[in-house]
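Biologist: I am new to this model. Please take a close look at its aromatic rings, and then lead me outward from there.

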Amino acid sequence: MDKQRLADCYQKYRTAVCAGVLFLFFAWVTYYSEKIPVLVTTISVDAKFWPRVIGIMGCIFSLLMLVQSLLEIRQKEKREKASGEAEAGSSRKNRSFQTLGLIFLYILGLSYLGFFLMTGLYLFFQFLVLSEPGNRDPKRLALISAAFTIGVYLVFHYAFSMVLPQGSLFVRIGGML
């Protein structure tokens, strides 16, 4: 197989391969969430609950991404056969990659940086990804992200009596909420 055909194959199936890798990652998260030691068994939501939910939802979304990418490949091939021209990639696909990447980074950083910092950063960058180029006011997006993060914290802390992750970095500095 020559380099050009390999590059074309990569361009054609990279979303499907990414979806497969994400599925394997989230399946791994789901599998290892069962091995988390539970210290308190009298509550309904234990230490295994959220990793399991994140793993299962990630598997579902990555499967949807896989199906969507395969359908897009099929439609693109039909259009190319009909028109004889290649079509440029859509910004929707880039937004999907960016969103999945942000979710992946959010999950990885939650235990290190804590709920406040990671949720605020995630929301800010997610709003940047999803907003139109003319509506990207960083101050407004930062304010909305901060307000939403504080609101979610208050709901989980006071309404549900749940402790959200503080993050090992925040605990080392000496913070306590």
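Modeller: Start with a rule. Two rings of Phe, Tyr or Trp pair if their centres lie within 6.5 Å, and for Trp the six-membered ring is used. Keep in mind that this is a predicted model.

Now to the rings. One aromatic cluster is formed by Phe25, Phe26, Trp28, Tyr31, Tyr32 and Phe104. Across the whole structure, a search finds 11 aromatic pairs. One of them joins Phe115 and Phe116. Their ring centres are 6.0 Å apart, and the planes stand at 70° to each other. That pair counts as edge-to-face because its angle is over 60 degrees.

How buried or exposed are the two partners, Phe115 and Phe116? Phe115 has 8% relative accessibility, so this ring counts as buried. Phe116 comes to 32%, so this ring counts as partly exposed. The cut-off for buried is under 20% relative accessible area. Of the 177 residues of the chain, 24% count as buried.

Step back to the fold. The chain has five helices and zero strands. Along the sequence the pattern reads α-α-α-α-α.

The helices also frame a space. The largest pocket holds about 1400 Å³. Its lining takes in 38 residues. Closest to the pocket centre are Trp50, Pro51, Ile54, Tyr106 and Leu110. Four elements give two or more residues to this lining: helix H1 (3–33), H2, helix H3 (91–130) and helix H4 (138–159). Of these, H3 gives the most, with 12 residues.

Stay on H3 for a moment. Leu113 is found in this helix. With 28% relative accessibility, Leu113 counts as partly exposed. Leu113 and Ser168 are 55 residues apart in sequence, yet their C-alpha atoms are 6.5 Å apart in space.

Next, H2. This helix runs over residues 49–83, and Met57 is found in it. Met57 belongs to a nonpolar patch on the surface, along with Ile56, Ile60, Phe61 and Leu64. Together these residues have about 450 Å² of accessible area. Met57 itself is partly exposed, with a relative accessible area of 36%. Why can Met57 be part of a patch? Patch residues need over 30% relative accessible area, and Met57 at 36% passes that mark.

H2 also carries a charged contact. Side chains of opposite charge can pair when their charged atoms come close. Here the count comes to one salt bridge. In it, the side chains of Arg52 and Glu34 meet at 2.9 Å, N to O. That distance counts because the limit is 4 Å. The pair links distant parts of the chain. Arg52 sits in helix H2, while Glu34 sits in the loop between H1 and H2, 18 residues apart. Arg52 counts as partly exposed, at 26% relative accessibility. Glu34 is partly exposed too, with a relative accessible area of 43%.

Last stop: a loop. Ser161 is found between H4 and helix H5 (168–173). What is the phi of Ser161? Phi is near 55°, a positive value in a residue other than glycine. Most residues other than glycine have a negative phi. Ser161 counts as exposed, at 62% relative accessibility.

To recap the opening subject: six residues, Phe25, Phe26, Trp28, Tyr31, Tyr32 and Phe104, form one aromatic cluster. Phe115 and Phe116 form an edge-to-face pair.

How values were computed. Residues numbered from 1 in each chain as written. Predicted model: local features only at pLDDT ≥ 70, side-chain atom pairs only at ≥ 80, totals over all residues. Heavy atoms only, no water. Phe/Tyr/Trp six-rings, centres within 6.5 Å; stacked < 30°, edge-to-face > 60°. Buried < 20%, exposed > 50% of the residue type's maximum accessible area, 1.4 Å probe, protein only. Patch = residues over 30% accessible without salt bridge, like charges linked within 9 Å, V, L, I, M, F, W, Y side chains within 5 Å. Areas by Shrake-Rupley, 256 points an atom, 1.4 Å probe, with all protein chains shown as cover. 1 Å grid on protein atoms, 1.4 Å probe; cavity = no way out; pocket = protein on both sides within 12 Å on 5 of 7 lines; lining within 4 Å. Points joined across faces, edges and corners; volume = space filled by probe spheres on them.
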